[in-house]
Amino acid sequence: MNFKFVFLMLTLCPAITLAHIDLVTASPGKDEVVVKPIQTIRLKLSGKVEPKFSKIEVIEVASKNRMDSGEIVIDEKQDALSISLKGPLKAGKYHVKWKATSIDAHKAHGEYDFTFAPKE
Amino acid sequence: MNTILGIVHGLDYLLCSWLLGMFIFHAGIASAAGETVSSCFNRSRKLSVVLTSTIFLVSLIWFILVAVEMAESWNSSVLFSVATSTHFGHIGLCKIGLILVILTIALIKKLSQFWWITLILPLCFSLSGHASTVQTGTAINLILDYIHLVAVSIWTGGLMTLLFWLKTRLHSTPNSLPANASILVVTRFSHFAMASTALIGVTGLAMALRYGVDFASLVSTEYGKLVLTKFGLFILTLSVASINPFIHMKRWRPDREMEFARNVARTVLVELVMVSCIFIVAGFLTRLSP
């Protein structure tokens, strides 16, 4: 690949990497085994998001019950969403479904599981 | 929905670029032939009104479609919530308001004094686009994106206006403009076009470097294939564009002014069609996931 080709490709490519927001980190993360009690689920995204059009659902896999409070909280930088849990979690597997809308109106979504296994 | 959004977004972007490019052409390029700025704006007043009205409609459709996609509903109260409580909604409403202001200025025949208000239009695209979403260096991203969009407007809008100018030239009386009017205007436009394509390159490169480029996705995804299509069209457009300075402008003679205008107009039309295709592809790119 010569320099001119690379230059032209770079010139035309900004949209590739600018196009959409994505999940950067999650706490608890994917397939994580949590041993200490948690009160919130926090998702850090790659861009600023609209809280009104973003959501996180936390579902207990065994009972299919929603465990989140339903109210999204956004941090000052506008790129992290968190949701508090209704009460203390029981030991077991949990499914997190999230959907985020960036401030330029693009959407991103995903889901993952984590396990709560408190130390006796 | 993504297909419709892609087409509407590309069209919205293309028409706004044409409008700004046309005004910059009237204010800075057409005067090369000795025409005053106000006479240029007066001559194209009807076109300005039609173009601005079309942009108003397209922007409104774009705004509603994106709001529906965000809200996942046609419910009016939810759509109102998108318009009033989101970043996209605020910028979108400002943009629609600005288009109405430009339309009013065109209707009251004051474009030659207030055409520069149109320079705010690309800022609306930057503020509601990708550059505004990233966390670090938002101001630099916005400046780069804004310069990129203005340069694109000068090139594409200038092409469209040059085509109209040349068509008018071909049908005007021989004494209405100097005998060498076409070569003067085409030469000045070439300087503007070269500067703007250089700016498009520099700002595009700067933006790519700031965010990193994923070359791997170019051939493996639909998104990457569209980028390659855009790249191919861009190369073809540059090749067609080079016909004017390297062939037509060198062949210009005072007694072959009309032939020169006809040849350049033909090349510009091809270039314009290609640029329009690039815009449509770009519109899709902004809606697709890499």
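**Exercise 1. The second largest cavity**

Describe the second largest cavity of this predicted model: what is its volume, which residues line it, and which elements contribute to the lining?

*Solution.* Begin with the volume, which is about 60 Å³ for the second largest cavity; the structure holds three cavities of 30 Å³ or more. Next, go through the lining, which is made up of B:Tyr13, B:Cys16, B:Ser17, B:Leu20, B:Thr118, B:Leu121, B:Pro122, B:Phe125, B:Leu149 and B:Ser153. The elements that give two or more residues to this lining are α1 (2-28), α7 (121-127) and α8 of chain B, and the largest share, four residues, comes from α1(B). Finally, sort the lining residues by character, which gives seven nonpolar, three polar and no charged residues.

**Exercise 2. A cysteine in the cavity lining**

Decide whether B:Cys16 is buried or exposed, and find which cysteine sulfur is nearest to that of B:Cys16.

*Solution.* Because buried means under 20% relative accessible area, B:Cys16, at 5% relative accessibility, counts as buried. Then turn to its sulfur: the nearest cysteine sulfur belongs to B:Cys124 and is 8.5 Å away, and B:Cys16 is in no disulfide. Since a disulfide needs two cysteine sulfur atoms within 2.5 Å, the distance of 8.5 Å to B:Cys124 does not meet the cut-off. Over all chains, the structure holds zero disulfides. Another cysteine, B:Cys40, also counts as buried, because its relative accessibility is 0%.

**Exercise 3. Helix α8 of chain B**

Work out what span should be expected for α8(B), and how many of its residues are buried.

*Solution.* Start from the 34 residues of α8(B), which at 1.5 Å a residue should span 50 Å. Then compare this with the model, where the end C-alpha atoms of α8(B) are 49 Å apart, which agrees with the expected span. As for burial, 24 of the 34 residues are buried, so α8(B) is largely enclosed by the rest of the structure.

**Exercise 4. The largest pocket**

Describe the space in the largest pocket, and find which element gives the largest share of its lining.

*Solution.* First take the volume: about 320 Å³ of space lies in the largest pocket. The elements that give two or more residues to its lining are α8 (138-171), α9 (181-211), α11 (222-241), α12 (243-248) and α13 (257-287) of chain B. Of these, α9(B) gives the largest share, seven residues. The lining has 18 residues, and those nearest the centre of the pocket are B:Ala193, B:Met194, B:Ala241, B:Ser242 and B:Pro245. By character, the lining divides into 13 nonpolar residues, four polar and one charged.

**Exercise 5. Two aromatic pairs**

Classify the pair of B:Phe63 and B:Phe88 and the pair of B:Phe114 and B:Trp116, and say how accessible each residue is.

*Solution.* A pair of aromatic rings is described by the distance of the centres and the angle of the planes. For B:Phe63 and B:Phe88, the ring centres are 5.7 Å apart and the planes lie at 15 degrees, so the pair is stacked. This pair links distant parts of the chain, since B:Phe63 is in helix α3 (residues 45-71) of chain B and B:Phe88 is in helix α5 (residues 87-107) of chain B, 25 residues apart. Both B:Phe63 and B:Phe88 are buried, and together with B:Trp62 they form one aromatic cluster. For B:Phe114 and B:Trp116, the centres are 6.5 Å apart with 55 degrees between the planes, and the pair is tilted. B:Phe114 counts as partly exposed at 37% relative accessibility, and B:Trp116 is partly exposed as well, with a relative accessible area of 43%. Over all chains, the structure holds seven aromatic pairs.

Terms used:
Residues numbered from 1 in each chain as written. Chains lettered and ligands numbered in written order. Predicted model: local features only at pLDDT ≥ 70, side-chain atom pairs only at ≥ 80, totals over all residues. Heavy atoms only, no water. 1 Å grid on protein atoms, 1.4 Å probe; cavity = no way out; pocket = protein on both sides within 12 Å on 5 of 7 lines; lining within 4 Å. Points joined across faces, edges and corners; volume = space filled by probe spheres on them. Nonpolar A, V, L, I, M, F, W, Y, C, P; charged D, E, K, R; others polar. Phe/Tyr/Trp six-rings, centres within 6.5 Å; stacked < 30°, edge-to-face > 60°. Buried < 20%, exposed > 50% of the residue type's maximum accessible area, 1.4 Å probe, protein only. Expected span 1.5 Å × (residues − 1).
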